Amino acid sequence: MRYTIIFLLTAFFLVGCSEDFLEVTNPNSLSESSFYQTEADFEDLIITCYMPMGHAQTSGRMHKLMFAQDDRILHEQVGISALQYDPTNGDISNIYAALMRGVFRTNTFLKQFTEDIRISEERRQTMLGEAHFLRGMYYHYLAIWFEMPPLLTEPPEDPRVGYENASQEEIFEFVRQEFELAADLLPEVWPGSELGRATRGAALSFLGRNYLYQAKFAEAASTLKEVIDLNLYSLNMPQGTDSLDYIYAYLSNFTPIDMPHNGNVYRSEFNSESIYEINYSSAHNEGARSSQFLPLRRSTGSHMTWFHGYSAITGGFGNIAAEDKIFPDEFERPDDHPAGLTRDPRYYAFYIEPGDPLDFRPDNPLFNEVFEVGDLNSSMGSSKGVRKHLYPFHTTFVDPNAPFLDPNNWRLLRYADVLLMYAEAQVRATGNFGDANALAAFNQVRERAGMEALNVLSREAIIHERDIELAGEHIRFWDLTRWYKDGWMTLEDVQQFKSNFQPRHVCLPLPLGEINRHYGVMQQNPKWL
């Protein structure tokens, strides 16, 4: 009997089998040939195109570098703060890789998303708009931060091929085309369940910024005026006359929770001021098709609190503090503030000082706790912490995954920035510092803070207002570089704020590892040779 079974089995394999028997498709495995076929495939793919900008900020990469560059922030990475980095810096490499990953994914989407894909024409157009916006955004930052990476418009097919550098002018022009196309294709608003997707206003706002970084002031002013004239955005204004009304109206832009006061509620994420924000979640996995946490649904949240939150409060590394010797004096001291404040309310939103409460929510364990000097990293020599982006403080008491999964969205572009960029571009285009439209936009930002309106603008007033309004938002250092490049500031002017600043610091070096992977074709930026 045993030999009969062996014989039958042998006969089965010899006679009954062919090579076709070995061609089994694993239903749990996706391949390129089986993926780019359905509308659902491309809905998933476009979501992955959003993710790399968020990845650049997780693990502290972008935050670490940008905070350290900022003269209004103190960072324990004193070498980076002194602008002592080179092409081997790992944080710079990771930021570059994340941006290029975004380029690769959007290029892949645009190549694979053919007319054969069955999808409504309306969704086809908006999806194309998202892809072009995102590709434009990644190259916008690559142009500003790295100046001359390769300009790739299709996914590379051969990893053994190197690519030449493009000029910054070529990349800016490509970005212009991408944002213009996106603005024509994208909707002005999305349904609430789709918040986080790119919009027409976001494309136009980034386009205006793209012009500003090229010192094309007339084009920047015209484009940013289009955003204003959409009448879709407004500043989060005080709803009362109490001091907290003015502080919360501003601070709500940098927290994941709505902020209530005296019966009023100041909406935080996706409020009327939001142009484009990276959407983070405190959940580990938002499910297979969720768009509620669009860019990073499977990548959890930001690591903002983990790296920069104060260790005694959040368990974070506490590696930032607020500069407390020079910057405090930059905040105006009004004689007659509507809420009776003796300082610009943005001071209290940026700084947290000893004795300040850690949380305003009675049901939070930190409600009765106050900030102490001992919460700060003593090596930085500051007596003030950073409240912006961290308040109310996220602790293990609030979220079982905190501080590793900080749900606080990072606002890449706010309407206040649009107003200030427009005011600057308009007066620099016309030479008229009393331009009524520029003053109207500029004074909206001051009105939100309860500060006196200006009757005429000046270079100093514009620099000051951007310094105060956008402090700690990774914009300050790059404002200084563009003002130096377009001649609004001298080298000595910039060095008053960043003493180690040299002409090469207008950009970051191209990562050495990336250059080595391009077989001698891609070259280092001459500024960094």
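# Reading helix packing and burial

User: How do I read the packing of two helices, say H15 and H16?

Analyst: Start with the axes. In this predicted model, helix H15 (residues 415–430) and H16 have axes that come within 8 Å and cross at roughly 145°. Then look at the hand: H15 passes H16 in a left-handed crossing.

User: Which residues of H15 and H16 make the contact?

Analyst: On the H15 side you will find Tyr415, Ala416, Leu419, Leu420, Tyr422, Ala423, Gln426 and Val427. H16 brings Asn437, Ala438, Ala441, Phe442, Gln444, Val445 and Arg448. Sorted by class, the contact of H15 with H16 has 11 nonpolar, three polar and one charged residues.

User: At what angle does H16 pack with H17?

Analyst: Happy to go on. Helix H16 (residues 436–448) and helix H17 (residues 459–469) pack at about 45°, and their axes are 12 Å apart. That angle makes H16 oblique to H17. The crossing of H16 and H17 is left-handed. Phe442, Val445, Arg446 and Arg448 of H16 meet Ala461, Ile462, Glu465 and Glu469 of H17. By class, the residues of this contact divide into four nonpolar, no polar and four charged.

User: Let's turn to a single helix. What span should H9 have, given its number of residues?

Analyst: A helix is expected to rise 1.5 Å a residue, so the 13 residues of H9 (residues 200–212) should span 18 Å. The end C-alpha atoms of H9 are 18 Å apart, which agrees.

User: And how many residues of H9 are buried?

Analyst: Burial is a matter of relative accessible area, and under 20% counts as buried. In H9, 12 of the 13 residues are buried, so the helix is largely enclosed by the rest of the structure. Among them are Gly201, Leu204, Phe206, Arg209, Asn210 and Tyr211.

User: Can we try a loop residue too? Where is Gly309 found, and is Gly309 buried or exposed?

Analyst: Gly309 is in the loop between helix H12 (304–308) and helix H13 (311–314). With a relative accessible area of 0%, Gly309 is buried. Setting aside residues up to four places away in sequence, Gly309 touches Met304, Thr314, Gly316, Phe317, Gly318 and Leu390. The C-alpha atoms of Gly309 and His394 are separated by 8.4 Å, with the two residues 85 apart along the chain.

User: To finish, what about the chain as a whole?

Analyst: The chain has 20 helices and eight strands. Buried residues make up 58% of its 529 residues. Of the contacts with a separation of 6 or more, 69% join residues 24 or more positions apart.

How values were computed
Residues numbered from 1 in each chain as written. Predicted model: local features only at pLDDT ≥ 70, side-chain atom pairs only at ≥ 80, totals over all residues. Heavy atoms only, no water. Axes fitted to C-alpha atoms, helices over the stretch in contact; angles between N-to-C directions. Helix = DSSP H or I, 4+ residues; strand = E, 2+ residues; numbered from the N terminus. Parallel < 35°, antiparallel > 145°, perpendicular 65-115°, else oblique. Left-handed = near helix turned anticlockwise from the far one by under 90°. Contact = heavy atoms within 4.5 Å. Nonpolar A, V, L, I, M, F, W, Y, C, P; charged D, E, K, R; others polar. Expected span 1.5 Å × (residues − 1). Buried < 20%, exposed > 50% of the residue type's maximum accessible area, 1.4 Å probe, protein only.
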